[in-house]
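Reader: I would like a close look at a single part of this model, set in the context of the whole chain. Please take your time and connect the details to one another.

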Amino acid sequence: MKKIISKLNKAFDNKVRLGIMSMLMVNEWVEYKTLREMLDLTDGRLASHIKSLEENKFINVKKEFVGRKPQTSYAATPIGKRAFNDHLDGLEALLNIR
């Protein structure tokens, strides 16, 4: 049991970070606005969770101008993808305990 629990990553304990990473795992890049709307978050709440994932090197940030408007997008890094998949493996193992 201890080995299974060790696969769980504390960075993904929060449902917001779990949602962000889930979206980034199935999309190459996701815009800030899309994350905010899909997860129904305020700017401040989303920004704090993005910062946490960025500090852990789990996501990349891309800032660019589209026309004259700034646009920020995010993508999961290889480290983030690996950590998230390990976390999902740990959750699956917990669900399969008999």
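Author: This is a predicted model, and a careful reading may start from its confidence, which is lowest in helix α1 (residues 2–6), at a mean of 75, and highest in strand β1 (residues 30–31), at 98. For the protein as a whole the mean pLDDT is 94, with 97% of the residues reaching 70 or more. The part I will look at closely is helix α4, together with the loops on either side and the core to which the helix contributes.

First, the setting. The protein has five helices and three strands, arranged along the sequence in the pattern α-α-β-α-α-β-β-α. Its C-alpha atoms fill a box of roughly 55 × 25 × 20 Å along the principal axes, and 34% of the 98 residues count as buried. Of the contacts between residues at least 6 apart in sequence, 60% join residues at least 24 apart. The exposed area of the protein is about 6800 Å², and carbon and sulfur atoms supply 52% of that area.

Helix α4 itself runs over residues 43–55, a total of 13 residues, and from its first C-alpha to its last it reaches 18 Å, close to the 18 Å expected at 1.5 Å a residue. Which residues of α4 are buried? They are Leu 46, His 49, Ile 50, Ser 52 and Leu 53, and because they cover an arc of only 160° around the axis, they lie on the same side of α4. On the other side of the helix, Gly 44, Lys 51 and Glu 55 are exposed. The partners of the buried residues come from several elements, since the packing of these residues is against α2 (15–26), α3 (32–39), β2 (59–66) and β3 (69–76).

The loops that flank this helix each hold a residue with a notable backbone angle. In general, most residues other than glycine have a negative phi. Asp 40, in the loop between α3 and α4, is not a glycine and yet has a positive phi of about 55°; Asp 40 counts as exposed, because its relative accessibility is 69% and the cut-off for that class is over 50%. Just after α4, Lys 57 takes a positive phi of about 65°, again without being a glycine. Lys 57 belongs to the loop between α4 and β2, and with a relative accessible area of 54% this lysine is also classed as exposed.

From the helix one can pass to the nonpolar core. The largest such core has 20 residues, among which Phe 12, Met 21 and Leu 24 touch the most other members. Two or more residues come from each of α2, α3, α4, β3 and α5 (78–95), and the largest share, five residues, is that of α2. Phe 12 gives a direct link back to the helix under discussion: not counting residues up to four places away in sequence, Phe 12 touches Leu 53, as well as Leu 18, Met 21, Phe 58, Gly 80, Ala 83, Phe 84 and His 87.

Phe 58 recurs in the contacts of two residues of the loop between α1 and α2, namely Ala 11 and Asn 9. Ala 11 counts as buried, because its relative accessibility of 10% is below the cut-off of 20%; beyond four places in sequence, Ala 11 touches Arg 17, Asn 56 and Phe 58. Asn 9 is partly exposed, at a relative accessible area of 23%, and with the same exclusion of sequence neighbours Asn 9 is in contact with Phe 58, Ala 83 and His 87. The C-alpha atoms of Asn 9 and Phe 84 are 75 residues apart along the chain and are separated by 7.7 Å, whereas those of Ala 11 and Tyr 32, 21 residues apart along the chain, are separated by 19 Å.

One residue of helix α1 may be set beside these loop residues. Lys 3 is found in α1 and is exposed, with a relative accessible area of 70%. Between Lys 3 and Ile 59, which are 56 residues apart in sequence, the distance from C-alpha to C-alpha is 26 Å. Any detail of α1 should be read together with its mean confidence of 75, the lowest in the protein.

Conventions:
Residues numbered from 1 in each chain as written. Predicted model: local features only at pLDDT ≥ 70, side-chain atom pairs only at ≥ 80, totals over all residues. Heavy atoms only, no water. Helix = DSSP H or I, 4+ residues; strand = E, 2+ residues; numbered from the N terminus. Expected span 1.5 Å × (residues − 1). Buried < 20%, exposed > 50% of the residue type's maximum accessible area, 1.4 Å probe, protein only. Arc of directions from axis to C-beta. Contact = heavy atoms within 4.5 Å. pLDDT = per-residue confidence, 0-100. Core = buried A, V, L, I, M, F, W, Y, C linked by side-chain atoms within 4.5 Å. Areas by Shrake-Rupley, 256 points an atom, 1.4 Å probe, with all protein chains shown as cover.
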